[in-house]
Amino acid sequence: NLISGNGVSATLSGTGILLAAGSSGTVIRGNIIGPNVNGSALGNGYSGITVYGDVDSVTMGGATAGAGNVIAGNPSHGIAVYSLGGPPASNLTVQGNRIGHNQFDAALGNGGWGLSITDGAGVAVGGSGAGNYIEHNTAGGVYVGAGSSNVTIVSNSIADNGGLVKSVWFPRAILPTATVLFNLTQYLLSVSVILPLMLVYY
């Protein structure tokens, strides 16, 4: 299925696929959620997939060929899991999806996190031979909130997302210069103390 261009911006009704209470046991596989047929961003009004509230045993993607979903170009998160104070979603599996790539494997990030788990219990993200590609998303790769528990994140490619800690380049040439200046400062301070004493006593 191609699921794009649906709903109102920044509301649950703008989600490509919305799972709410009563949708336990749902399996979501092999869908294109966000891009148009040419792979450009069409997006849904909110997230690609939203799991909201007391939902149990949901599978998004899978380890077998063709089971993964393409989730890209949505203005908010690729996948969002939250409950707003109610019972959290539980026993969720997220495997084999391409979150931030279109169906032609070109970069097409979502506007929020690739995967945002504000509160969920028992969430398996990836696994041996079943990792997700979570890349090029604006806010970051994966967010796990304080209300979540038993979240495992294994064998995924999480790269080139915003909001991640990155190495800060520090020019090595500065280090010798800084050492010389430090020693010079110490020398000048010493001279400024010793010289007056020498003049007094000698």
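This is a short tour of a predicted model, with a suggestion at each stop of what to select and what is there.

**The whole chain**

Start with everything shown as a cartoon. The secondary structure comes to 1 helix and 16 strands. The chain has 202 residues, and 39% of them count as buried. Switch on the surface and you are looking at about 10400 Å² of accessible area, 60% of which belongs to carbon and sulfur atoms. How far apart in sequence are the residues that touch? Among contacts between residues at least 6 apart, 82% join residues at least 24 apart.

**Stop one: the sheet from E2 to E14**

Select strands E2, E5, E8, E11 and E14, in that order. These 5 strands form an open sheet with parallel pairing. Strand E2 (17-19) and strand E14 (140-144) stand at the edges; each has a single partner strand, so one side of each is left without a neighbour in the sheet. On average, neighbouring strands here are turned by 10 degrees against each other, direction ignored. As a reminder, strands of a sheet pair through backbone hydrogen bonds, either parallel or antiparallel.

Now zoom in on the E14 edge. Strand E11 (residues 113-117) runs parallel to E14, and 4 bridges join the two. To find a matching pair, pick Ile117: the residue opposite is Val144 in E14. Keep Val144 in mind, as it returns at a later stop.

**Stop two: the sheet from E3 to E15**

Next select E3, E6, E9, E12 and E15. Here again 5 strands form an open sheet in that order, and the pairing is parallel. Which strands stand at the edges? They are strand E3 (27-28) and E15, each with a single partner strand, so one side of each has no neighbour in the sheet.

You can walk across part of this sheet one pairing at a time:

- E6 to E9: strand E6 (residues 56-61) pairs with E9 in the parallel sense over 5 bridges. Select Met60 and its bridge partner in E9, Val94.
- E9 to E12: strand E9 (residues 89-95) and E12 run parallel, joined by 5 bridges. Leu92 has Val123 in E12 as its bridge partner.
- E12 to E15: the pairing is parallel, over 5 bridges. Gly126 stands opposite Val154 in E15.

**Stop three: Val125**

Stay in strand E12 (residues 120-126) and select Val125. Is this residue buried or exposed? Val125 has a relative accessible area of 0%, so it counts as buried. Show what surrounds it: leaving out residues up to four places away in sequence, Val125 touches Val94, Leu115, Ile117, Asn132, Thr152, Ile153, Val154 and Asn156. You have already met some of these: Val94 as the partner of Met60, and Ile117 opposite Val144. For a distance to try in the viewer, use Val125 and Ser155, which are 30 residues apart in sequence and 8.5 Å apart in space, C-alpha to C-alpha.

**Stop four: a surface patch**

From Val125, move to one of its contacts, Ile153. Ile153 is in strand E15 (residues 149-154). With a relative accessible area of 40%, Ile153 is partly exposed. Add Val144 and Ile158 to the selection, and you have the three residues that make a nonpolar surface patch of about 210 Å². This is where Val144 returns.

**Stop five: Asp105 and Arg98**

Now select Asp105, in the loop between strand E10 (98-99) and E11. What does its side chain meet? The side chains of Asp105 and Arg98 form a salt bridge, at 2.4 Å from N to O. The structure holds 1 salt bridge, so this is the one to look at. Both partners are partly exposed: Asp105 has a relative accessible area of 42%, and Arg98 has 25%. Check the backbone too, as phi of Asp105 is near 70 degrees, a positive value in a residue other than glycine.

**Last stop: His136**

Finish with another positive phi. Select His136, in the loop between strand E13 (133-135) and E14. Its phi is about 70 degrees, although His136 is not a glycine. At 26% relative accessibility, His136 counts as partly exposed.

Methods. Residues are numbered from 1 along each chain as its sequence is written. This is a predicted model: local features need pLDDT of at least 70, side-chain atom pairs count only at pLDDT 80 or more; totals for chains, interfaces and linings use all residues. Side-chain values use heavy atoms; hydrogens and water are left out. Patches are made of residues with over 30% relative accessible area and no salt bridge: like charges are joined within 9 Å, nonpolar side chains (Val, Leu, Ile, Met, Phe, Trp, Tyr) within 5 Å. Accessible areas come from the Shrake-Rupley method with a 1.4 Å probe; for residues, only the protein chains shown count as cover. A salt bridge is a side-chain nitrogen of Lys or Arg within 4 Å of a carboxyl oxygen of Asp or Glu. Buried means under 20% relative accessible area, exposed over 50%, partly exposed in between (1.4 Å probe, protein chains only). Two strands pair if DSSP finds at least two bridges between them. Axes are lines fitted to C-alpha atoms, for helices over the stretch in contact, and angles run from 0 to 180 degrees between N-to-C directions. Contact means heavy atoms within 4.5 Å.
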